[in-house]
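Biologist: Please take a close look at one part of this model and describe it position by position. I should then like to see the account carried on to the other parts with which it is in contact, and to the turns between them.

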Amino acid sequence: MVVRESFDSSLQELQEKMMEMGELTGTLIEKSFIALQNQDIKLALRVIEDDDEIDDMQNEIDQLAIWLIVKEQPVARDLRKIIGAIKILTDVERVADFGVNIAKSTIQIGNAHSLIHLTDLESMKNRCISMLEKSLQAFFEENIGLAKEVGDMDDQIDDLSDANYKKLSAYLSEHPEETNQLVQLILVNRHLERTADHITNIAESAAYLIKGKKYDLNP
């Protein structure tokens, strides 16, 4: 019984650290988009620096997960949960990387007259942050309904991404002098679309933990 309590305590610590990493990543995405909206180069540079903390957290949690596997030799559901956690960490880290990419686009755009009003990028960003929260909650609470909800939201992101691309491409054809900024906004659009894909991977990991079989939430 004492051994099981020790394992449960370590597993709880793993989940708490994952939750903290997820919150930091959501904050990084938010800050990167604020930097883009306000053309705040200093904030964009801070976002790039903040990514180091998330990378460090991933390494720390990875080590804890590996230690749990080696020391406790978990089986069945417990093993699936730890392996799922390791996979999820990779996706969360990639989400943070896309936030950094958005910050880099902000730096490239500089102080040019902003054209972000042409897009629904903010709606994409808001949905991505909501998806991240729901996907991690689905994993921690083993809630298949939330996992499926994330898959549905990814479809919405795809629709917004397609619409943004068409608007920006059409504007570019008429205003070639704005090529630099428009290309950067097209890249931001792509970064947010890929962010949603990686978050959907997290939801699929949650679904696998719950059901014990692979779910494709992004067919």
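Modeller: Ser 10 is a suitable starting point: with a relative accessible area of 9%, Ser 10 is buried, where buried means under 20%, exposed over 50% and partly exposed in between, for a 1.4 Å probe and protein chains only. This is a predicted model, in which local features need pLDDT of at least 70 and side-chain atom pairs count only at pLDDT 80 or more, while totals for chains, interfaces and linings use all residues. Residues are numbered from 1 along each chain as its sequence is written, and side-chain values use heavy atoms, with hydrogens and water left out.

Ser 10 belongs to helix α1; helices (H or I, at least four residues) and strands (E, at least two) are DSSP runs, numbered from the N terminus. Once residues up to four places away in sequence are set aside, Ser 10 touches Leu 64, Trp 67 and Leu 68, contact being heavy atoms within 4.5 Å. One of these partners, Leu 68, stands 58 residues from Ser 10 along the chain, yet their C-alpha atoms are separated by 7.6 Å. Helix α1 spans 2-38 and helix α2 spans 41-72.

Further along α1 comes Thr 27. Its relative accessible area is 43%, so Thr 27 is classed as partly exposed. The C-alpha atoms of Thr 27 and Val 70 are 33 Å apart, with the two positions 43 residues apart along the chain.

Ile 29 is also placed in α1. Here the relative accessibility is 3%, and Ile 29 therefore counts as buried. Leaving aside neighbours within four places in sequence, Ile 29 is in contact with Val 95, Gly 99, Lys 125 and Ile 129. Within the chain, Ile 29 and Gln 15 are 14 residues apart, and their C-alpha atoms are separated by 21 Å.

The next question is what follows α1: in which loop is Gln 39 found? Gln 39 is in the loop between α1 and α2. Although Gln 39 is not a glycine, its phi is positive, at about 50°. Gln 39 counts as partly exposed because its relative accessibility is 25%.

A second such backbone value occurs at Glu 142, again not a glycine, with a positive phi of about 50°. Glu 142 lies in the loop that separates α4 (121-141) from α5 (144-174). A relative accessible area of 28% makes Glu 142 partly exposed.

Contacts with α1 may also be followed from the other side. Ala 85 lies in helix α3, the helix covering residues 76-109. Ala 85 has a relative accessible area of 0% and is therefore buried. Apart from residues up to four places away in sequence, Ala 85 touches Leu 14, Met 18 and Phe 139. By contrast with these contacts, a separation of 29 Å is found between the C-alpha atoms of Ala 85 and Glu 122, which are 37 residues apart along the chain.

Asp 91 is likewise in helix α3. A relative accessible area of 5% puts Asp 91 among the buried residues. Asp 91 touches His 198, Asn 201 and Ile 202, with residues up to four places away in sequence not counted.

Those partners lead to helix α6, residues 179-211, where His 191 is also placed. His 191 counts as buried because its relative accessibility is 12%. Beyond its neighbours within four places in sequence, the contacts of His 191 are Phe 98, Asn 101, Ile 102 and Ser 105.

As to confidence, pLDDT is the predictor's confidence in each residue, from 0 to 100. The protein chain has a mean pLDDT of 93, and 97% of its residues reach 70 or more. Helix α1, from which this account began, has the lowest mean pLDDT among the elements of the chain, at 90, whereas α4 has the highest, at 97.
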